[in-house]
Amino acid sequence: MSDGTATTDLDIRLEKHRTELTGYCYRMLGSSFEAEDAVQDTLVRAWRAFDTFEGRSSLRSWLYRIATNVCLDMLTAGNKRARPMDLSASTPLAQAALSPRPDHTWLEPMPDARVLPTVEDPAEAAVAKESVRLAFMAALQQLPPKQRVVLILREVLAWRASEVAELLGTSVASVNSALQRARSTLAEREDKGAGAAVSDPLDEEQQKLLERYVAAFEGYDMTALTALLHEDAIMTMPPFDLWLTGHADIAGFMTTIGAACAGSRLLPVQVNGVPGFAQYKPDPEAGGFAPWAIQVLEISDGRLTGFHFYLDTKRWFPLFGVPPHLDVDGQPDQVEEGA
């Protein structure tokens, strides 16, 4: 076998782990772009050090060890990414103000396809989706980094305690203790913020709810929209730290400060294990519709419990592979390469 063929074979072997490694690093870091950077660093390190790989563990385990070290290095600054409701109390509409915080403050959205490998076991797929939902991701960010490693590997990826101990260079007892502390922290946070209970695939009731949501939002019909909301529904808009709760304040915001969103168009996306939309609002300068937000919807008991608008479209729209602009008929003006 030639060196060129060997290099190509190694590239293929490493690349097939990219999606699951991205999911792991995303859960560790809470950032879409940092996760992809961490995986790229992991694969480069693995490629350069492959001659030292002795095969005593699987290639997959070896890659996870490298990825863990990369993530732990990146977390030494101690930053904990969060949702707006993790940082402050909700704001009454009368006091609403749009105050941005730096990008590194926020838990970031992620397309399902980049972090959820295709698996045949429905139960395994459901666990994977639940483990990238925003509420769970926010709870993970509250764990010390090594507890985060243990919880993700044991609870999400179903590693044995002995495998995690070997990866971290510690004892099984230490791993079990860390897992117990991590579970305790997550249990304390279970009721903080809107959760999501979405079937996979969506059941008929949930699909109809989404259809009604699209009709209400695109028609900017606040009566129809509030009928779909849980009474304690939450609305957030990173990078702004403002968050609103309840029918009256959400509808009031959307018809005042957010009134420019009237007449928007929505394109479906799969994000953080739940349904979402790329939102385009009317473009008075160029005509058609300009990108405005990636929406992440949370559904529970037949109602919307949360909807989160990620507004940095220059970052999010290319990541999700959605068109950079829609024409007057709501069709793509041009599609970015690779979208």
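## D283 and its surroundings

In this predicted model, D283 touches G288, F289, A290 and H325, when residues up to four places away in sequence are left out of the count. With H325 the relation is also a polar one, since the side chain of D283 makes a polar contact with the side chain of H325 at 3.0 Å. D283 itself is found in the loop between β4, which covers residues 274–282, and β5, which covers residues 289–300.

Although D283 is a loop residue, D283 counts as buried, because its relative accessibility is 15% and the cut-off for buried is under 20%. A further distance helps to place D283 in the model: D283 and Q270 are 13 residues apart in sequence, and their C-alpha atoms are 25 Å apart in space.

## The largest cavity

The count of cavities of 30 Å³ or more comes to 2, and the largest of them holds about 90 Å³ of space. The lining of this largest cavity is made up of D103, W106, L107, E108, P238, P239, Y310, L311, D312, R315 and W316. By residue type, the lining of the largest cavity divides into 7 nonpolar residues and 4 charged ones, with no polar residues.

Two of the lining residues, P238 and P239, are joined by a cis peptide bond, for which omega is about 15 degrees. P239 is found in the loop between β1, residues 229–237, and β2, residues 240–245.

## The second largest cavity

The second largest cavity holds about 40 Å³ of space. The residues that line the second largest cavity are A82, R83, P84, M85, L107, L134, T236, P238, H308 and Y310, and among the elements of the fold, α5 (84–87) and β6 (303–310) each supply at least two residues of this lining. Here the division by type is 7 nonpolar, 2 polar and 1 charged.

Which residues does a reader meet in the lists for the two cavities? L107, P238 and Y310 are named in the lining of the largest cavity, and L107, P238 and Y310 are also named in the lining of the second largest cavity.

## Cysteines without a disulfide

How many disulfides does the structure hold? The structure holds 0 disulfides. C25 is in no disulfide, and the nearest cysteine sulfur to that of C25 belongs to C71, at a distance of 3.5 Å. C71, in turn, is in no disulfide either, and the nearest cysteine sulfur to that of C71 is the one in C25, 3.5 Å away. A disulfide requires the two cysteine sulfur atoms to lie within 2.5 Å, so the pair is not counted as one.

Are these two cysteines buried or exposed? C25 counts as buried, because its relative accessibility is 0%, and C71 counts as buried as well, because its relative accessibility is also 0%.

## T313 in helix α15

T313 has its place in helix α15, which covers residues 313–320. When residues up to four places away in sequence are not counted, T313 touches P291, W292, A293 and P318. T313 counts as buried, because its relative accessibility is 15%.

## Exposed residues, two with a positive phi

A158 is not a glycine, yet it has a positive phi of about 60 degrees. The place of A158 is in the loop between α9, residues 145–156, and α10, residues 161–168, and A158 counts as exposed because its relative accessibility is 62%. D301, which is not a glycine, likewise has a positive phi, in this case of about 55 degrees. D301 is found in the loop between β5 and β6, and D301 counts as exposed because its relative accessibility is 76%.

A173, by contrast with the loop residues, is found in helix α11, which covers residues 172–188. A173 counts as exposed because its relative accessibility is 56%, the cut-off for exposed being over 50%. A173 and K314 are 141 residues apart in sequence, and their C-alpha atoms lie 46 Å apart in space.

How values were computed:
Residues numbered from 1 in each chain as written. Predicted model: local features only at pLDDT ≥ 70, side-chain atom pairs only at ≥ 80, totals over all residues. Heavy atoms only, no water. Helix = DSSP H or I, 4+ residues; strand = E, 2+ residues; numbered from the N terminus. Buried < 20%, exposed > 50% of the residue type's maximum accessible area, 1.4 Å probe, protein only. Contact = heavy atoms within 4.5 Å. Polar contact = N/O pair within 3.5 Å; in protein donor to acceptor, adjacent residues only side chain to side chain. 1 Å grid on protein atoms, 1.4 Å probe; cavity = no way out; pocket = protein on both sides within 12 Å on 5 of 7 lines; lining within 4 Å. Points joined across faces, edges and corners; volume = space filled by probe spheres on them. Nonpolar A, V, L, I, M, F, W, Y, C, P; charged D, E, K, R; others polar.
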